Amino acid sequence: MAIKFPQSIDEYTGGELWYSGIDESVARRILFSLNTVEDPEEMYLRKLYLAHWYSEREDYKLAVNLCRQLILEEGPDRELLTLM
């Protein structure tokens, strides 16, 4: 059964998955499936989720690296700049 990924950042970080501890499982699946994503919007959402996840885990170096990638790929975004 495929995972249905949330459609907005609020669903990614503010939902039950995030606060019930399942976020690590979701993050691992997202991370290891990035090479199969073809849709640019889905790639953006997955990387943004991972950036928030790394930030929450206080792994700021990885979070900032993902934010930089997204800024280079998509251009400046208020949420990315705030997260950095």
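**View 1. The exposed side of helix H5, with Lys 61 and Leu 72.** In this predicted model, Lys 61 and Leu 72 are exposed, on the other side of H5 from its buried residues. For Leu 72, that puts a leucine among the exposed residues of the helix.

**View 2. The buried face of H5.** Turn to the buried residues of H5, and you will find Ala 63, Val 64, Leu 66, Cys 67 and Leu 70. Looking down the helix axis, these buried residues fall within an arc of 160°, so they line one face of H5. A general point helps in reading this view: an α-helix has 3.6 residues a turn, so residues three or four places apart point the same way. And what lies over this face? The cover of the buried residues includes helix H4 (40–56) and helix H6 (78–83).

**View 3. H5 from end to end, and the residue that follows.** Helix H5 takes in 15 residues, 60–74. At 1.5 Å a residue they should span 21 Å, and the C-alpha atoms at the two ends are 20 Å apart, which agrees. Just after the helix comes Gly 75, with a positive phi of about 95°.

**View 4. Glu 58 in the loop between H4 and H5.** Here is a backbone angle worth a pause: Glu 58 has a phi near 65°, a positive value in a residue other than glycine. Most residues other than glycine have a negative phi. Glu 58 sits in the loop that joins H4 and H5. Is Glu 58 buried or exposed? Its relative accessibility is 59%, over the 50% cut-off, so Glu 58 counts as exposed.

**View 5. Arg 46, a buried arginine in helix H4.** Arg 46 belongs to helix H4, one of the helices that cover the buried residues of H5. With a relative accessibility of 9%, under the 20% cut-off, Arg 46 counts as buried. Which side chain does the side chain of Arg 46 meet in a polar contact? The partner is the side chain of Glu 42, at 2.9 Å.

**View 6. The whole chain, for context.** Stepping back, the protein chain has six helices and zero strands, in the order α-α-α-α-α-α from the N terminus. Of its 84 residues, 42% are buried. Among contacts with a separation of 6 or more, 45% are between residues 24 or more positions apart. The accessible surface comes to about 5,800 Å², and carbon and sulfur atoms account for 52% of that area.

Conventions. Residues numbered from 1 in each chain as written. Predicted model: local features only at pLDDT ≥ 70, side-chain atom pairs only at ≥ 80, totals over all residues. Heavy atoms only, no water. Helix = DSSP H or I, 4+ residues; strand = E, 2+ residues; numbered from the N terminus. Expected span 1.5 Å × (residues − 1). Buried < 20%, exposed > 50% of the residue type's maximum accessible area, 1.4 Å probe, protein only. Arc of directions from axis to C-beta. Contact = heavy atoms within 4.5 Å. Areas by Shrake-Rupley, 256 points an atom, 1.4 Å probe, with all protein chains shown as cover. Polar contact = N/O pair within 3.5 Å; in protein donor to acceptor, adjacent residues only side chain to side chain.
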